[in-house]
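I opened this structure to look up its cysteines and its aromatic rings, and I kept notes as I went.

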Amino acid sequence: MAAIAPVGVRTGCRVIRDGDDAHLLPNEAHSIPARQPAMRRASGAARWIAHRLLAELGVDNVGILRAPSGAPVWPDGIIGSLAHDDDMAVAAVAPVGHISALGIDVEPAQPLPGDILALVTIPADRTDAADRHLAGRILFAAKEAVYKAVYPLDREVLGYEDIAVDLNAGHATTKTGRRASLAYCAAPRVVVLAFVEAR
Ligand SMILES: CC(C)(COP(=O)(O)OP(=O)(O)OC[C@H]1O[C@@H](n2cnc3c(N)ncnc32)[C@H](O)[C@@H]1OP(=O)(O)O)[C@@H](O)C(=O)NCCC(=O)NCCS
């Protein structure tokens, strides 16, 4: 992930383990409504990474609360994003600067089932440059990463049909007029970073 991240963006990952829910700070645990233990473990693992990334930026012991929308609330002057699949958690953070919004998604490096691919794809999507077997999975992760990046800017719920992804050119556009750059890796897991450059 470090190899694909743009300058200034810090990333990290962690295999989700039993007991990772204990890494939620008390105010974080309070902000996350009761959910299945597996989801709390995943949220704890993602915050464990994010706390370390924030410490590298000189920000210690600050809870990353979950807003009612689901979006994480970052300390002033910081942008970031969290994601988890069944086994792995990832996080990305950056000081606000030349990048004004950040989104990340992680997915297993397996082909996307055909029925989900049909739900996610629109004619404007371009994926020829990606590995043929993983193109659908990368497309899916890209749309989720873009959504996480732009939601805090527009506060608008978007569907897959509202985000056009061009993996060949490395960017995406939303129906709200946002343009995000994309970077991805496909092994050992699919991870996509979406970032909006400041105007
Ligand atoms: C944001 C969303 C796509 C995340 O998908 P997911 O597969 O459930 O979960 P992921 O592991 O990828 O990401 C979870 C993290 O996303 C972040 N997140 C949740 N809602 C978010 C939002 N509105 N904006 C930004 N980030 C958000 C949270 O940090 C969350 O971590 P946490 O639960 O530990 O706090 C989903 O929660 C959602 O809001 N969907 C509604 C809109 C949608 O699905 N549109 C189609 C995709 S474009």
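**Aromatic rings**

I began with Y151, which is buried at a relative accessible area of 14%. I was working from a predicted model, and I read each value below with that in mind. Next I looked up Y147, which counts as partly exposed at 24% relative accessibility.

I then asked how many aromatic pairs the structure holds. The count came to 2 aromatic pairs, and one of them is formed by Y147 and Y151, whose ring centres are 5.8 Å apart with 55 degrees between the planes, an arrangement classed as tilted. I placed both residues in helix 4 (residues 135–154), where Y147 and Y151 are 4 residues apart, about one turn of the helix.

I also checked for a charge over a ring, and I found R14 lying over the face of W48, with a distance of 4.2 Å from the ring centre.

**Cysteines**

I turned to the sulfur atoms and asked how many disulfides the count gives. The count is 0 disulfides. C13 takes part in no disulfide, and the nearest cysteine sulfur to that of C13 belongs to C185, 9.1 Å away.

Why does the sulfur of C185 have no bond to the closest cysteine sulfur, in C13? The two are too far apart for a bond, because the distance is 9.1 Å, whereas a disulfide needs sulfur atoms within 2.5 Å.

I noted the surroundings of both cysteines as well: C13 is partly exposed, with a relative accessible area of 47%, while C185 is buried, with a value of 18%.

Terms used. Residues numbered from 1 in each chain as written. Predicted model: local features only at pLDDT ≥ 70, side-chain atom pairs only at ≥ 80, totals over all residues. Heavy atoms only, no water. Buried < 20%, exposed > 50% of the residue type's maximum accessible area, 1.4 Å probe, protein only. Phe/Tyr/Trp six-rings, centres within 6.5 Å; stacked < 30°, edge-to-face > 60°. Helix = DSSP H or I, 4+ residues; strand = E, 2+ residues; numbered from the N terminus. Lys NZ or Arg CZ within 6 Å of the ring centre and 35° of its normal.
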